[in-house]
Amino acid sequence: AQLYSIHKIFWTKPEWCLAGLKAAGYDGVEFAGYGGHTAKEIRRYLADAGMLGMGTHVNGFIDLKGDGLKRTLDFCAEAGFDTVTTPHAICKTEAEYRKFGRDMSYAAEAAKAWGIKVGIHTTYDHFNVKFNGVTAWDTIFADASPFLQQQIDTGNTFHTGTDVVALLKKYRGRHHSVHLKENIPTTTATLGEPTTDGAPNVPWNDVMACLAEEDVAWYVIETEMIPDSLQPLANSVKFLERIRDS
């Protein structure tokens, strides 16, 4: 579960939230901020709940470069995270996107010593912005290290008109974690529920079938539209379990 899904309540009662997510069927959580808590405190919260800290989102321009890189990796190692991902990956020019790919590749190579995977999270701009017909996403990964991971956000990607399955197949071996998100309005913010604006749903059966063939360590469910309730996350994991078992 991506904890930004419940950001309005998580840090007011973290023990209760983690226990609820465990009961709903989750094995781990991905952080987006730490609420002023130390890595040691976060590790204790997770251990007490019997949960794993699969990773965290940080600002790659700050936290995965220069002095920030070591601080971030030290924090992640102490907290027990095995991934660190940047959702901040928007540049202005083709050259800047290429440099960003090289910078994050350096971070990915360095993180191997900590046993941590480094990745980039997809946004709308990565597919809507193109340079001579080449998407910003492909530009980032044109010269990237094979250790640099892609965290495909199914919602952000699908709703740019991009074929999620084709993208996953194009970059096999880079998907240590995948964000499973609808990213469009539904009444209960649950994956697979008909949308309130008539937009199409992510083709979940096709996506999950494709991911079953990949070496994915973490399926990260994100439901951002009701951030003060655990119910959307609980409903969504049940929805995906039904697909898996069908």
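Trainee: In which helix is Thr157 found?
Mentor: This is a predicted model: local features need pLDDT of at least 70, side-chain atom pairs count only at pLDDT 80 or more, and totals for chains, interfaces and linings use all residues. Residues are numbered from 1 along each chain as its sequence is written; side-chain values use heavy atoms, with hydrogens and water left out. Helices (H or I, at least four residues) and strands (E, at least two) are DSSP runs, numbered from the N terminus. Residues 154–158 form the helix that holds Thr157, and that helix is H8.

Trainee: Is Thr157 buried or exposed?
Mentor: Buried means under 20% relative accessible area, exposed over 50%, partly exposed in between (1.4 Å probe, protein chains only). Thr157 has a relative accessible area of 0%, so it counts as buried.

Trainee: Which side chain makes a polar contact with the side chain of Thr157?
Mentor: A polar contact is a pair of N or O atoms within 3.5 Å; within protein, one must be able to donate a hydrogen and the other to accept it, and residues adjacent in sequence count only if both atoms are side-chain atoms. The partner sits 35 residues away in sequence, with 6.8 Å from C-alpha to C-alpha. Contact means heavy atoms within 4.5 Å, and Thr157 also touches residues including Phe127, Ile152 and Leu167. At 3.2 Å, the polar partner is Thr122.

Trainee: In what order do the 5 strands of the open sheet stand?
Mentor: Two strands pair if DSSP finds at least two bridges between them. The pairing in this sheet is parallel. S1 (28–31) and S7 (149–151) each have a single partner strand, so one side of each is left without a neighbour in the sheet. The order is S1-S2-S3-S4-S7.

Trainee: By what angle are neighbouring strands of this sheet turned against each other on average?
Mentor: Axes are lines fitted to C-alpha atoms, for helices over the stretch in contact, and angles run from 0 to 180 degrees between N-to-C directions. For the sheet average, direction is ignored. The value is 30°.

Trainee: Which residue in S2 stands opposite Glu30?
Mentor: S1 and S2 (residues 52–57) run parallel and are joined by 4 bridges. One pair on this seam is Gly28 and Leu52. S2 has 5 of its 6 residues buried, so the rest of the structure largely encloses it. Opposite Glu30 stands Gly55.

Trainee: Which residue in S4 is the bridge partner of Thr85?
Mentor: S3 (residues 83–86) is joined to S4 by 4 bridges, again in parallel. S4 (residues 117–121) is mostly covered, with 4 of its 5 residues buried. The partner of Thr85 is Gly119.

Trainee: What is the phi of Asn132?
Mentor: Asn132 lies in the loop between S5 (130–131) and S6 (134–135). It is exposed, because its relative accessibility is 79%. Asn132 is not a glycine, yet its phi is positive, about 55°.

Trainee: And what is the phi of Ala189?
Mentor: Ala189 lies in the loop between S8 (177–180) and H10 (204–211). Its relative accessible area is 2%, so it counts as buried. Ala189 is not a glycine either, and its phi is positive, about 60°.

Trainee: What radius of gyration does the protein chain have?
Mentor: The radius of gyration is taken over C-alpha atoms; the globule rule is 2.2 Å times the number of residues to the power 0.38. For 246 residues a compact globule would come near 18 Å. The C-alpha atoms fill a box of roughly 45 × 45 × 30 Å along the principal axes. The chain agrees with the globule rule, at 17 Å.

Trainee: What share of the residues of the protein chain count as buried?
Mentor: The chain has 11 helices and 9 strands. Of contacts with a separation of 6 or more, 74% join residues 24 or more positions apart. Of the 246 residues, the buried share is 52%.

Methods:
Lists of a residue's contacts leave out its neighbours within four places in sequence.
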